[in-house]
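Q: Could you take a close look at one part of this model for me? I'd like to go through it slowly, with its surroundings included.

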Amino acid sequence: MEYKGTFKFCVFAKSKRGEYQQTDEEIRCGQIVRQAVEVSVVREKFPRSLIEIDILIVEEDGGAIATAIQAASLALADAAIPQYDLVAAVSAVVINPDKPIALLDPNASEERDQIASVMVAYMPGIEEVTHVVTTGDMSCSTAVDILDLCTSGCGKIKDLMVTYLL
């Protein structure tokens with residue numbers, strides 16, 4: 001099975017006007033979405049197929065990659081493409097370097113104030129992490145706490161995703 005697709009911000013999606021051509025950041029975001037979602041698909045059912053997922057972000061106020069992963073997983077489920085489980089994703093940031101505070105699902109201003117961030121894509125039904133992206137510096141104990149926070153958040157998001165599909 002082959003995966004193809006694009007990830008693009010509208011030129012007016014961010015506070016700073018974007019470009020018409022796909023940027024390196026958008027290419028990287030598209031690769032993250034593909035890597036997070038492709039492991040959820042039961043490939044044996046469609047051995048010589050092509051799945052194309054095109055994502056266009058109209059407004060970005062934080063958490064765009066996590067939201068895109070969830071949208072892609074929901075689109076696959078809505079298209080009746082067999083998956084091992086839905087992929088839920090959530091991001092978290094660490095602020096305040098003196099006494100680290102973790103914020104789940106940050107907005108754009110909270111993302112600007114971060115000292116570290118984590119984005120987790122997770123299949124709660126089979127308890128499998130499909131993708132993790134981290135940036136910044138944090139202690140091991142803080143990283144473990146944030147991963148636990150993100151995986152529990154993904155479980156709650158998956159419940160909402162299932163409700164949407166019903």
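Which residues of α2 are buried?

A: Keep in mind that this is a predicted model. In α2, the buried residues are A64, I65, A66, A68, I69, Q70, A72, S73, L74 and L76. The helix itself has 15 residues and runs 21 Å from its first C-alpha to its last, close to the 21 Å expected at 1.5 Å a residue. Just after α2 comes A80, with a positive phi of about 65 degrees.

What sits on top of those buried residues? The cover includes β1, α1, β2, β3, β5 and α4 (140–165).

That ties in with the core. The largest nonpolar core has 27 residues, and those with the most contacts inside it are F7, V33, I65, I69 and M119. Elements giving it two or more residues are β1 (2–9), α1 (24–38), β2 (50–57), α2 and β5 (116–123). Of these, α2 supplies the largest share, with 7 residues. To get a feel for the packing, take F7: leaving out residues up to four places away in sequence, F7 touches Q22, E26, C29, G30, V33, I55, I57 and A68. So one of its partners, A68, is also on the list of buried α2 residues. Apart from that core lies another one, of 14 residues, with A116, V118, C154 and M161 among them.

Now follow the chain past the helix. L86 lies in the loop between α2 (64–78) and β3 (88–95), and it counts as buried because its relative accessibility is 8%, under the 20% cut-off. Not counting residues up to four places away in sequence, L86 touches S73, A77, Y122, M123, P124, K158, M161, V162 and L165. One of those contacts, M161, belongs to the 14-residue core. For a sense of scale, K16 is 70 residues from L86 in sequence, and the two are 33 Å apart in space, C-alpha to C-alpha.

Since C154 came up, a word on the cysteines. The count of disulfides comes to 0. The sulfur of C140 is 16 Å from the closest cysteine sulfur, in C150, which is too far for a bond. C154 is in no disulfide either, as the nearest cysteine sulfur, that of C150, is 6.6 Å away and the cut-off is 2.5 Å. The burial of these two goes opposite ways: C140 counts as exposed because its relative accessibility is 67%, whereas C154, at 0%, counts as buried.

Definitions and conventions. Residues numbered from 1 in each chain as written. Predicted model: local features only at pLDDT ≥ 70, side-chain atom pairs only at ≥ 80, totals over all residues. Heavy atoms only, no water. Helix = DSSP H or I, 4+ residues; strand = E, 2+ residues; numbered from the N terminus. Buried < 20%, exposed > 50% of the residue type's maximum accessible area, 1.4 Å probe, protein only. Contact = heavy atoms within 4.5 Å. Core = buried A, V, L, I, M, F, W, Y, C linked by side-chain atoms within 4.5 Å. Expected span 1.5 Å × (residues − 1).
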